[in-house]
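Grab a pencil and work through these exercises one at a time. Try each task yourself before you read its solution.

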Amino acid sequence: MAAGPPPEEIHFSQRPQVEGSIPGQRSRELLEKQSEIEANTVAYPRSLPIAMDAARGATIRDADGNVYLDFFGGIGVANVGHSNPYVLSAAQDQLDSLAHTIDFPTEARIEFLEALDGIAPGSLPGNSRIAFGGPTGTNAIEASIKLARYNTGNEGLIGFDRGYHGGTAGALSLSGWSSYKSDYEPLLSGVVHVPYPTARGQERGPAASLERTLTQLRAVLRDDDTPSPAGIWAEPIQGSGGVIVPPEGFLTGLRAIADDHDLLLIVDEIQTGMGRTGEWFGCTRSGITPDAVTVGKAVGGIGLPLSATIYREEFDTWGPSAHAGTFRGHVPAMIAGARAIEYIDSHGLLDRAQDLGSYLRERLAECANACPSLVDVRGRGLLVGAEFEAADGSPLPSVVEAIQDRCLRRGLVVWTAGIEGHVLRLLPPLVLTDEQARVGMDILTEVIEDVTRASTETPDVAGRRS
Ligand SMILES: Cc1ncc(COP(=O)(O)O)c(C=O)c1O
């Protein structure tokens with residue numbers, strides 16, 4: 001029997017329902033109150049100026065009653081849909097009985113551990129250990145840094161240009177975005193970044209791009225001036241960095257290098273994991289077994305905060321509280337995570353993510369024929385990127401901003417990516433229906449055509465917010 005209601009039944013509606021101007025009156029009031037009290041670090045409502053009231057499946061209702069199609073998914077969190085009833089009821093039951101146990105065992109905790117171990121990539125199932133610290137993805141990365149340093153006795157860390165791993169000192173050190181880091185340096189020492197390979201913009205093609213990365217990596221490892229590395233941290237697809245899909249052979253190449261040099265390979269699946277790419281993990285198809293995998297975002301089922309570091313049991317050499325925290329796995333989030341895995345499995349959502357992702361990319365590719373500034377469409381499963389550039393190859397963040405803004409006003413929520421902000425990123429829930437996918441893509445492609453036409457005619461139109 002299928003777990004919970006079918007995906008088609010869990011949304012507010014199949015199409016957006018937007019009336020009047022955005023933001024509406026109540027949204028305006030709430031945005032204003034927020035800006036009076038909350039820190040200047042608030043970011044998302046600057047691009048999507050609405051206050052939220054409720055969300056179901058792949059739909060969001062704002063404080064004025066407008067309903068949007070959600071192609072943003074809470075930045076890749078809502079894989080089984082907002083408030084998925086099957087997942088929600090288990091979390092509510094757990095909240096009723098017990099919410100906080102630090103790391104004492106409960107039925108829910110064990111169920112989640114077994115479910116997560118069961119879907120882990122490569123030969124990890126049955127051979128893994130799972131560590132919890134704080135609830136954010138960043139914290140799982142911090143745990144992985146400590147794990148790699150502890151097991152190798154080495155200090156150095158290797159990351160990739162444009163990689164994003166989180167906002168605390170260690171995770172930020174690994175990230176390859178200088179704009180996020182420069183005000184807080186020095187961060188961790190001994191961190192080296194190498195170029196992330198990509199098929200795009202490479203005159204000699206993806207194989208040459210991959211070879212360049214692997215050659216640089218080997219050179220770093222030969223360099224006596226670089227502190228001996230403890231590990232290599234890689235996203236299987238760079239999400240925030242611009243939905244950059246590496247050439248085939250990237251992870252197998254990293255695996256071989258990590259083996260040759262006795263360092264850990266840590267695959268950051270915080271954005272790509274839990275079915276987002278149409279497989280449980282972005283690295284699944286490579287066939288490798290990472291030494292450690294970090295998960296966050298969607299792992300807590302319906303947006304309950306949870307992250308974890310899954311690693312090969314031979315690295316479980318550290319002792320009690322080696323990675324500590326008051327919230328070492330929130331039990332309602334754990335049962336929600338277990339039910340979400342069950343829901344994805346039971347409703348064939350991995351295959352759905354592949355099919356829907358292909359559809360979204362096909363629609364964007366068709367649109368690119370009429371819009372020369374839409375220069376690349378890429379991604380895997382329901383992690384989709386569309387890159388915008390001017391004729392001279394310069395990035396067009398203002399076009400992406402204008403697309404996002406106009407989509408919102410028509411009832412579609414989309415997000416962005418890339419250091420330059422010139423990539424449109426789509427991360428809809430895996431429960432998106434065919435009808436929602438079609439309606440959303442009709443809106444998006446019309447908006448892209450309008451905005452790119454306007455930006456060609458009057459260059460500053462694209463960037464202006466109404
Ligand atoms: C690949 C990746 N790693 C780490 C993080 C950090 O996770 P969190 O924001 O939950 O701390 C993110 C967040 O976007 C991410 O995409």
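**Exercise 1.** Into which domains is the chain divided?

*Solution.* Start with the ground rules. This is a predicted model, where local features need pLDDT of at least 70 and side-chain atom pairs count only at pLDDT 80 or more, while totals for chains, interfaces and linings use all residues. Residues are numbered from 1 along each chain as its sequence is written, and side-chain values use heavy atoms, with hydrogens and water left out. Now the split: domain 1 covers 7–79 + 348–457, and domain 2 covers 85–346. These bounds come from an automatic or database domain assignment.

**Exercise 2.** Work out how many residues of domain 1 and domain 2 are in contact, and what area the two domains bury.

*Solution.* Step one: with contact meaning heavy atoms within 4.5 Å, 34 residues of domain 1 touch 33 residues of domain 2. Step two: the domains bury about 2800 Å² between them, 56% of it on carbon and sulfur atoms. (Buried area is the accessible area, 1.4 Å probe, that two parts lose on being put together, summed over both.) Step three: on the domain 1 side, Leu350, Arg380 and Ile419 lose the most area to domain 2, together 28% of what that side buries.

**Exercise 3.** Find how many salt bridges link domain 1 and domain 2.

*Solution.* First, the rule: a side-chain nitrogen of Lys or Arg lies within 4 Å of a carboxyl oxygen of Asp or Glu. Applying that rule gives three salt bridges between the domains. Next, look at the side chains of Glu389 and Arg200: they meet in a salt bridge at 3.0 Å, N to O.
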